[in-house]
Amino acid sequence: MKAVIQRVSSASVTIEGNIVATIGDGLLVLIGIINEDGQDDIKWLSNKIVNLRVFGDENNVMNHSLLQTDGDVIVVSQFTLHASTKKGNRPSYIQAAKPDIAIPLYEAFIKQLETDLGKQVQTGEFGADMKVDLRNDGPVTIIIDTKQKI
């Protein structure tokens with residue numbers, strides 16, 4: 001799994017003109033899934049996200065996590081995170097898992113994140129044409145790939 005994590009002061013997801021998710025302070029997580037991803041990736045990534053110390057403490061030093069700040073999360077599926085641009089100018093998405101594999105993993109990731117965070121996580125809609133609005137706070141943007149844990 002590959003995730004782009006953005007610390008936000010606000011974020012929302014709109015589908016066909018309807019806002020389906022909205023948060024204030026927290027994280028916007030864009031998630032890409034490949035065929036080799038599994039439960040170990042889900043657990044590791046979820047734990048990493050909820051404990052990632054990217055929020056300011058009383059001295060405005062990034063020492064606090066989502067768990068400490070009670071921040072919110074929006075998770076958005078994004079197969080384009082696994083784009084290959086080695087040949088030509090048209091990205092190839094051959095590494096991205098097809099929906100029959102990706103959807104159950106995406107849903108399991110959301111459930112794991114909710115369990116680890118102790119509250120509901122908002123989402124976009126898998127495969128939908130989404131408009132994602134965000135106010136990146138910092139800016140803080142972190143990329144995590146579960147295949148590069150070591």
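These legends accompany an overview and several close-up views of a predicted model.

**Figure 1. The whole chain, with 3 helices and 8 strands.** Let's start with the full fold before zooming in. Following the sequence, the elements come in the order β-β-β-α-β-β-α-β-α-β-β. The radius of gyration is 15 Å, close to the 15 Å from the globule rule for 150 residues, so the chain is as compact as a globular protein of that length. Along the principal axes, the C-alpha atoms occupy a box of roughly 45 × 40 × 30 Å. Buried residues make up 41% of the 150 in the chain. Of the contacts between residues at least 6 apart in sequence, 73% connect residues at least 24 apart. The accessible surface is about 8,600 Å², and carbon and sulfur atoms account for 46% of that area.

**Figure 2. Phe79 and Tyr93, one of the 2 aromatic pairs found in the whole structure.** The rings of Phe79 and Tyr93 meet edge-to-face, with 5.0 Å from centre to centre and 80° between the planes. Both residues sit in the loop between strand S6 (72-77) and helix H3 (99-117), where 14 residues separate them in sequence. How open to solvent are the two partners? Phe79 is partly exposed because its relative accessibility is 48%. Tyr93 also counts as partly exposed, with a relative accessible area of 33%.

**Figure 3. Tyr106 and Phe126, a tilted aromatic pair.** Here the ring centres are 5.6 Å apart and the planes make an angle of 55°. Tyr106 belongs to helix H3, while Phe126 lies in the loop between strand S7 (122-123) and strand S8 (130-145), so the view spans a separation of 20 residues. Is Tyr106 buried or exposed? Tyr106 has a relative accessibility of 5%, so this residue counts as buried. Phe126, at 27%, is partly exposed.

**Figure 4. Lys147 and Asp41, joined by one of the 6 salt bridges in the structure.** A friendly reminder for this and the next view: side chains of opposite charge can pair when their charged atoms come close. The N to O distance between Lys147 and Asp41 is 3.0 Å. Lys147 is in the segment after S8 and Asp41 in helix H1 (residues 39-51), which puts the partners 106 residues apart. Asp41 is buried, at 7% relative accessibility, whereas Lys147 is partly exposed, at 40%. Asp37 enters the picture too, as salt bridges with shared partners connect Asp37, Asp41 and Lys147 in one network.

**Figure 5. Lys119, with salt bridges to Asp70 and Asp72.** What distances separate the charged atoms here? From N to O, the bridge between Lys119 and Asp70 spans 3.2 Å. For Asp72 and Lys119, the closest N and O atoms are 2.8 Å apart. Lys119 is found in the loop between H3 and S7, and Asp70 in the loop between helix H2 (66-69) and S6, 49 residues away in sequence. Asp72 lies in strand S6, so its bridge to Lys119 ties together parts that are 47 residues apart. As for solvent, Asp70 counts as exposed because its relative accessible area is 56%. Lys119, at 22% relative accessibility, is partly exposed, and Asp72 is partly exposed at 27%.

Technical notes: Residues are numbered from 1 along each chain as its sequence is written. This is a predicted model: local features need pLDDT of at least 70, side-chain atom pairs count only at pLDDT 80 or more; totals for chains, interfaces and linings use all residues. Side-chain values use heavy atoms; hydrogens and water are left out. Rings of Phe, Tyr and Trp (its six-membered ring) pair if their centres lie within 6.5 Å; planes under 30 degrees apart count as stacked, over 60 as edge-to-face and the rest as tilted. Helices (H or I, at least four residues) and strands (E, at least two) are DSSP runs, numbered from the N terminus. Buried means under 20% relative accessible area, exposed over 50%, partly exposed in between (1.4 Å probe, protein chains only). A salt bridge is a side-chain nitrogen of Lys or Arg within 4 Å of a carboxyl oxygen of Asp or Glu. The radius of gyration is taken over C-alpha atoms; the globule rule is 2.2 Å times the number of residues to the power 0.38. Contact means heavy atoms within 4.5 Å. Accessible areas come from the Shrake-Rupley method with a 1.4 Å probe; for residues, only the protein chains shown count as cover.
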